[in-house]
Amino acid sequence: MRINRALRLGVGAIALALAATACGGGDEGSALDHAKEGKLTIGIKFDQPGLGLRNKDGSYSGFDVEVAKYVAGKLGVQPESITFKEAPTPQRETLIENGQVDFIVATYSINDKRKEKVDFAGPYYVAGQSLLVKADNTDITGVESLTGNKKLCSVKGSTPAQNVKEKYAKDVQLQEFDTYSLCVEALRNGSVDAVTTDDIILAGFAAQSPGQLKVVGKPFTTENYGIGLKKGDQETRDKINDAIEAMIADGSWAKAIQQTVGGASFTPSPAPQVNRY
């Protein structure tokens, strides 16, 4: 009797511990498992106009959002069954590794360091790093003019921040914030002289403030945007790659980019060739 009661208590304690672990560490199962259940959790940016933006009414818009919806649809999940989760730049690998998202579509540049922790499908877009300044700024015309202790802002853990540190840190004072929207706010109030990240991101912010901000200089890097997912999940990666290729082939890619960033006085890059990383 006592043994049975102790056994029941032990089993109950184990069940509670497992439940707590599940709540803290994200849902188990692959992205395809969740897609078969008719649902997906996808990481996007919430503060990047034209790419990933949470609107005041709670809806989401931008090119990354359209890519995410299209891929989800090819996996059998309808837009209304997608849960969008904010994926700030410094947290993207952690969100994937902990299973808090099925995959991430958030201006996520593919590089070797990140590929040590996560896998990538794509690229679905090829961007280039550039600079954003106030519309009346005539001192900064490109990366070559970042001299005289100019204050430059980028995001912690981002590829652009690393590029600046490695190549231009001797000429500029780099300030790093958690989001690009905070960098743009600092630019508006004069705390920094310029913001650097990929041209398509900067174009979105410039379009949000007509006549106030401008993108300057030629892109000085090449950034391949990939869809980040759990490392080793080859099946999901292959299916996402198939979806990206289909989006490009059927015209949905061109339509999405025109509707989201095409009106920002910005010429988007042509559709990329998907690589099987």
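This report describes a strand and its partners, a buried leucine, an enclosed helix and the largest pocket in a predicted model.

**Strand 9 and its neighbours**

Strand 9, which covers residues 150-155, is mostly covered, with five of its six residues buried. Strand 9 pairs with strand 10 (residues 172-177) in the parallel sense, and six bridges join the two; within this pairing, Cys-153 has Gln-175 of strand 10 as its bridge partner. Strand 9 also runs parallel to strand 11 (residues 194-198), to which two bridges join it, and here Leu-152 stands opposite Ala-194. The two pairings are set out below.

| Pairing | Sense | Bridges | Residues facing each other |
|---|---|---|---|
| Strand 9 with strand 10 (residues 172-177) | parallel | six | Cys-153 and Gln-175 |
| Strand 9 with strand 11 (residues 194-198) | parallel | two | Leu-152 and Ala-194 |

**Leu-146 in the preceding loop**

Leu-146 belongs to the loop between strand 8 (129-134) and strand 9. Its relative accessibility is 3%, and because buried means under 20%, Leu-146 counts as buried. When neighbours within four places in sequence are left aside, the residues in contact with Leu-146 are Leu-131, Ile-140, Leu-152, Asp-171 and Val-172. One of these contacts, Leu-131, is 15 residues from Leu-146 along the chain, and the C-alpha atoms of the two are separated by 10.0 Å. Another is Leu-152, the residue that stands opposite Ala-194 in strand 11.

**Helix 8**

Helix 8 (residues 199-208) is largely enclosed by the rest of the structure, because eight of its ten residues are buried. The buried residues of this helix are Asp-199, Ile-200, Ile-201, Leu-202, Ala-203, Gly-204, Phe-205 and Ala-206.

**The largest pocket**

The largest pocket holds about 340 Å³ of space. Its lining consists of 16 residues, of which Glu-93, Asn-111, Lys-113, Arg-114 and Gly-157 are the closest to the centre of the pocket. Helix 4 (92-97), helix 5 (112-115) and helix 6 (159-167) are the elements that each give two or more residues to this lining, and helix 6 provides the largest share, with four residues. By class, the lining of the largest pocket comprises eight polar, seven charged and one nonpolar residue. Domain 1 (31-127 + 224-262) and domain 2 (129-216) both contribute lining residues, and the largest pocket therefore lies between these two domains.

How values were computed:
Residues are numbered from 1 along each chain as its sequence is written. This is a predicted model: local features need pLDDT of at least 70, side-chain atom pairs count only at pLDDT 80 or more; totals for chains, interfaces and linings use all residues. Side-chain values use heavy atoms; hydrogens and water are left out. Buried means under 20% relative accessible area, exposed over 50%, partly exposed in between (1.4 Å probe, protein chains only). Two strands pair if DSSP finds at least two bridges between them. On a 1 Å grid over the protein atoms alone, a cavity is a set of points where a 1.4 Å probe fits but cannot get out, and a pocket is an open set with protein on both sides within 12 Å along at least five of seven lines; lining residues have an atom within 4 Å of a point. Grid points are joined across faces, edges and corners, and a volume is the space filled by probe spheres set on the points. Ala, Val, Leu, Ile, Met, Phe, Trp, Tyr, Cys and Pro count as nonpolar, Asp, Glu, Lys and Arg as charged, and the others, Gly among them, as polar. Domain bounds come from an automatic or database domain assignment. Contact means heavy atoms within 4.5 Å.
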